[in-house]
Amino acid sequence: MGPVMTGVALMRNYIGGKWVEAEASGSIGITNPGTGDVIGEVPLSTREETNRAIAAAAEAYKTWGMTPVARRVQPLYKLAQTLRADEDRIARILVAENGKSLTDARAEMKRVFENIEVACGMPVLQQGDKLIGASFDMDGEVVRLPMGVFGMIAPFNFPAMVPFWFLPYAIATGNTFVLKTSKQVPMTMQAITQHIEDAGVPPGVFNVVNGDSVVADAIMDSPIVQGVSFVGSTPVARIVADKCAKTNKRFQAMGGAKNHLVVMPDAKMEGVIRNMTTSCYGCAGQRCMASSAIVAVGDATYDEVCERFVEDSKKTLLANPLDPRHEEEPMLLGPVISKRAKDTILGLIEDGINEGATLALDGRGVTVEGSEGGFYIGPTVFTDVKPGMKIHRTEIFAPVVCILKADTLDEAIQIVNDHEYGNGASIYTQNGYYARKFKLEALAGMIGVNVGIPAPVAYLPFGGMKASQWADIKTQGKAIVNFYTQDKIVTERYFGEGG
Ligand code: NAD
């Protein structure tokens with residue numbers, strides 16, 4: 001199938017070490033959310049095309065799985081270097097298709113490098129155990145072996161970082177990999193894949209197939225694929241968990257979020273307010289670790305938080321992230337990902353008004369001069385929000401914040417724990433007792449103490465609880481090595497001379 005649009009680049013698939021024009025059932029435009037302009041075209045690849053990528057990965061595994069681990073990490077060292085040298089160009093591609101600020105895109109690239117660097121430690125991370133003297137003349141050994149082909153289904157909000165939560169670890173452990181990009185943001189991985197090829201990753205070890213759920217289904221249905229990592233919304237995470245369990249595949253299914261920030265009366269309010277606005281409005285509230293619910297403890301704290309948070313929200317710079325005047329702004333509120341997302345968000349704001357919350361700051365109806373076609377929503381704050389209201393229950397994934405009141409820390413923790421999601425949760429306090437209680441009792445996978453975006457560095461595991469993560473297999477760091485390896489336990493004995 002040839003390109004159907006003129007003047008924009010058609011994304012290609014990368015299969016078996018070759019860039020190929022996709023066999024596709026159609027294609028769709030890739031939109032710059034900051035302007036509304038179509039900047040590329042993505043093919044909707046077929047099941048057959050995906051199966052070809054899986055077959056190429058299976059073929060490559062025969063050699064790659066037997067390649068010494070110290071050799072397998074060599075291309076990753078090179079990749080880290082060449083990606084760093086090309087960081088600015090890639091970050092700008094990322095901004096153009098995703099709409100986050102350049103500062104956020106650069107921060108995302110830093111996490112990419114960090115994950116590659118951690119995976120370079122695989123000669124140590126993949127080591128097993130040995131017990132000398134399991135019995136008389138007998139030793140026991142645990143060996144951690146790769147398994148074959150792994151798949152990954154990616155979301156739109158971190159076009160570079162989220163695939164790198166998995167791919168460097170998968171290939172360093174000796175597996176081969178098929179990535180399905182998000183059809184909304186396939187351009188960043190297109191640029192990065194060229195570096196992966198140039199770094200000397202052998203043909204078939206890493207493959208990219210662009211498209212929609214047809215590609216995802218082909219990966220999940222394939223009897224060749226050993227495991228699937230999914231990152232995206234909770235309804236799809238449910239589908240992935242269900243399908244993979246039925247076909248006896250390993251899976252990671254990381255879902256949606258509604259991250260709470262609890263403000264105690266003793267919190268250092270000056271720094272806290274800024275920290276909260278950054279958490280709520282960075283990446284237009286489309287980080288899986290963004291906060292969208294603030295719980296203030298006590299009447300006085302609630303009143304102060306409502307007033308100061310709304311005031312500070314008004315100071316947020318709403319702009320096209322690629323406007324040269326604002327490119328270097330550390331905190332810029334850009335567009336949401338699409339017109340469709342914007343319409344859904346506007347509907348939810350309407351719901352909030354109808355269910356009785358107070359719209360203390362209305363971000364509807366904004367325009368950004370010179371970028372009128374972009375999908376912008378200004379900072380939006382609801383106060384008088386009660387637990388269980390639709391705007392509190394739902395992951396709005398936007399710069400829309402709910403402020404709730406609790407009388408005590410116990411009540412605040414209850415609000416966090418009763419929520420369906422449990423990705424991240426933070427407390428603002430200077431009191432060690434409150435902090436410790438929150439750390440131990442709050443049901444969220446990643447906890448912050450005076451940190452509004454408690455996203456762990458790549459040396460530590462990343463993952464949530466409850467509906468934010470199916471199966472407690474976290475990503476990054478040492479945790480992911482377990483996902484990509486299968487233990488064999490060997491009991492061994494040799495008979496002595498004459499015996
Ligand atoms: P999404 O669920 O719409 O899509 C994610 C991926 O799944 C895409 O590649 C998409 O093509 C594919 N997909 C969609 N429907 C499918 C189906 N029925 N069957 C198989 N595959 C299907 O998510 P999104 O809008 O791209 O990303 C935003 C979501 O991701 C938010 O909910 C956010 O919280 C979540 N997220 C979570 C984490 C985390 O660590 N928990 C990290 C990043 C993003």
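A residue is taken as near the ligand if one of its heavy atoms lies within 4 Å of it. On that basis, in this predicted model, 27 residues surround the ligand. The closest are Ala-154, Lys-180, Ser-233, Gly-255 and Glu-395. Sorted by class, the shell around the ligand is made up of 16 nonpolar, nine polar and two charged residues.

Several polar atoms of the protein sit opposite polar atoms of the ligand. The side chain of Ser-233, one of the closest residues, places an N or O atom 2.6 Å from an oxygen atom of the ligand. Gly-232 comes in through its backbone instead, with a polar atom 3.3 Å from a ligand oxygen. Gly-255 also uses a polar backbone atom, here 2.8 Å from a nitrogen atom of the ligand. As for cover, the ligand on its own has 850 Å² of accessible area, and the protein covers 86% of that. Three elements each give two or more residues to the shell: helix H10 (213–221), strand E11 (225–231) and helix H11 (234–246). Of these, H10 supplies the largest share, with three residues.

Now for the charged pairs. Side chains of opposite charge can pair when their charged atoms come close. The structure holds 33 salt bridges, and a few of them are worth walking through.

Take Asp-88 and Arg-92, whose side chains meet in a salt bridge with an N to O distance of 2.9 Å. Both belong to helix H4 (residues 87–98), and because they are four residues apart, about one helical turn separates them. Neither end of the pair counts as buried, which requires under 20% relative accessible area: Asp-88 is partly exposed at 34% relative accessibility, and Arg-92 is partly exposed at 28%.

The bridge between Arg-144 and Asp-487 is another sort of link, with the closest N and O atoms 3.5 Å apart. This pair joins distant parts of the chain, since Arg-144 lies in strand E7 (residues 138–145) and Asp-487 in strand E25 (residues 486–493), 343 residues away in sequence. Arg-144 has 17% relative accessibility and so counts as buried, whereas Asp-487 is partly exposed, with a relative accessible area of 44%.

Arg-274 and Asp-312 form a further salt bridge, at 2.9 Å from N to O. Arg-274 lies in helix H12 (residues 269–281) and Asp-312 in helix H13 (residues 299–314), so the bridge ties together parts that are 38 residues apart in sequence. Here the arginine is the partly exposed end, as Arg-274 has 38% relative accessibility, while Asp-312 is buried, with a relative accessible area of 10%. Salt bridges can also be chained through shared partners: Asp-88, Arg-92, Arg-106, Glu-327 and Glu-328 are joined into one network in this way. The H4 pair described above, Asp-88 and Arg-92, is thus part of that network.

Finally, there is the nonpolar side of the surface. Val-457, Tyr-459 and Leu-460 form a nonpolar patch there, and together they have about 270 Å² of accessible area. Within this patch, Tyr-459 is placed in the loop between strand E22 (446–449) and strand E23 (465–466).

Definitions and conventions
Residues numbered from 1 in each chain as written. Predicted model: local features only at pLDDT ≥ 70, side-chain atom pairs only at ≥ 80, totals over all residues. Heavy atoms only, no water. Polar contact = N/O pair within 3.5 Å; in protein donor to acceptor, adjacent residues only side chain to side chain. Areas by Shrake-Rupley, 256 points an atom, 1.4 Å probe, with all protein chains shown as cover. Nonpolar A, V, L, I, M, F, W, Y, C, P; charged D, E, K, R; others polar. Patch = residues over 30% accessible without salt bridge, like charges linked within 9 Å, V, L, I, M, F, W, Y side chains within 5 Å. Salt bridge = Lys/Arg side-chain N within 4 Å of Asp/Glu carboxyl O. Buried < 20%, exposed > 50% of the residue type's maximum accessible area, 1.4 Å probe, protein only.
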